[in-house]
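Let's take a look around a protein model together. Have the sequence and the 3D view handy as you read.

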Amino acid sequence: MRRPNWRDLGENNWGLKKQKWKDWNVSILSELSSIVDPIRNKLQKKNIEKTLQNYPKCCISLGAGKEVPEGWIGFDRYKSGKNIFSVNMLFDFPVKTDVVDAILAEHILEHFFWDDLEYILQECFRVMKNGGKIRIVSPDAKNIARLIQLGIEAEKDYDVQIDSDIHHWNKDGMRWVRTINQLTHQWGEHKCVLTSEMLKCLMEKIGFQEITILSVKKSKFFDEIPDIHQKRFPDDREGTSFAIEALAIKE
């Protein structure tokens, strides 16, 4: 596993090295992954193209888990399900250039280091058709900051109550601390914190246009919101997460 370290002098990163085929400072398992996953991505390409022949549009859900919206296919490195393909998004997407109509990245980008997000979004832009639409949903780091500023008063906060009910935490006066750490780290699964402004800046750099920041219950470019997380957790308070949508304009 790659781990952030001190930033190299002159390098525009926070010490996170680019994914390499050989890096003897990481575990053997990670080393094997850096060799196997690009090959596995390429092997999935024919299966994905064959599956997409049955769909009028090419719509891909990134980090899909076990479920995708109706009419979509999913990429997920670890989960499996109907029309979900094992894909490591740190390597080239197994999709041709300019063929994807829509991309959903719902509660997935925060599972990567910040240094990886530019490459992932560049791959999204590459595979999308001219005018293709993308929707990103992520936990809002501003909400975490709000809870931190509340301090012990956050123990009474609605988000803390909901999180405590989900995880069955004891009422010991420290549930607000657990909620903050859970939202930030997700037991080690989350690798970066995000705000809509952070992603907007990065998407502008890549070339996305008509970038729009939204609440998770609204959409600008989708007739029907494709989110799965929202259906699973309908009690999530407005402001816990944010949505951002954009178009891939290539002319």
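Below we go from the whole chain to two helix pairs and then to a few single residues.

**The whole chain**

First, keep in mind that this is a predicted model. The protein chain has seven helices and seven strands. If you walk along the chain from the N terminus, the elements come in the order α-β-β-β-β-α-β-α-α-α-α-β-α-β.

How much of the chain is buried? Of the 251 residues in the protein chain, 47% are buried. The accessible surface adds up to about 14500 Å², and carbon and sulfur atoms account for 54% of that. Now think about contacts between residues at least 6 apart in sequence: 67% of these link residues that are at least 24 apart.

**Two helix pairs that share H5**

A quick bit of background: two packed helices are described by the angle between their axes and the distance between the axes. Here are both pairs side by side.

| Helix pair | Angle between axes | Axis distance |
|---|---|---|
| H3 (residues 141–150) and H5 (residues 175–185) | roughly 160° | within 10 Å |
| H4 (residues 158–167) and H5 | about 85° | 9 Å |

Start with H3 and H5, whose axes cross at roughly 160°. Angles over 145 degrees count as roughly antiparallel, so H3 is roughly antiparallel to H5. Their crossing is left-handed. On the H3 side, Asn 143, Ile 144, Leu 147 and Ile 148 take part, and they meet Thr 179, Ile 180, Leu 183 and Thr 184 in H5. Sort the residues of this contact by type and you get five nonpolar, three polar and no charged.

Next come H4 and H5, which pack at about 85°. That angle makes H4 and H5 roughly perpendicular to each other. In H4, the residues involved are Asp 159, Val 160, Gln 161, Asp 163, Ser 164 and His 167, and they meet Arg 175, Trp 176, Thr 179 and Gln 182 in H5. The residues of this contact split into two nonpolar, five polar and three charged. You can also spot Thr 179 of H5 in the contact with H3 and again in the contact with H4.

**A buried alanine**

Now find Ala 243, which sits in strand S7 (residues 241–248). Is Ala 243 buried or exposed? Its relative accessibility is 0%, so Ala 243 counts as buried.

Which residues does Ala 243 touch, leaving aside those up to four places away in sequence? They are Arg 135, Ile 136, Val 137, Thr 212, Ile 213, Leu 214, Ser 215 and Val 216. Pro 139 is worth finding too: Ala 243 and Pro 139 are 104 residues apart in sequence, while their C-alpha atoms are 9.1 Å apart in space.

**Two residues with a positive phi**

Most residues other than glycine have a negative phi. With that in mind, check out Asn 83, which is not a glycine and yet has a positive phi of about 60°. Asn 83 lies in the loop between strand S2 (73–75) and strand S3 (84–85). With a relative accessible area of 22%, Asn 83 is partly exposed.

Glu 210 is not a glycine either, and its phi is positive at about 50°. Where is Glu 210 found? Glu 210 belongs to strand S6 (residues 209–214). The relative accessible area of Glu 210 is 44%, so this residue is partly exposed.

Technical notes
Residues numbered from 1 in each chain as written. Predicted model: local features only at pLDDT ≥ 70, side-chain atom pairs only at ≥ 80, totals over all residues. Heavy atoms only, no water. Helix = DSSP H or I, 4+ residues; strand = E, 2+ residues; numbered from the N terminus. Buried < 20%, exposed > 50% of the residue type's maximum accessible area, 1.4 Å probe, protein only. Contact = heavy atoms within 4.5 Å. Areas by Shrake-Rupley, 256 points an atom, 1.4 Å probe, with all protein chains shown as cover. Axes fitted to C-alpha atoms, helices over the stretch in contact; angles between N-to-C directions. Parallel < 35°, antiparallel > 145°, perpendicular 65-115°, else oblique. Left-handed = near helix turned anticlockwise from the far one by under 90°. Nonpolar A, V, L, I, M, F, W, Y, C, P; charged D, E, K, R; others polar.
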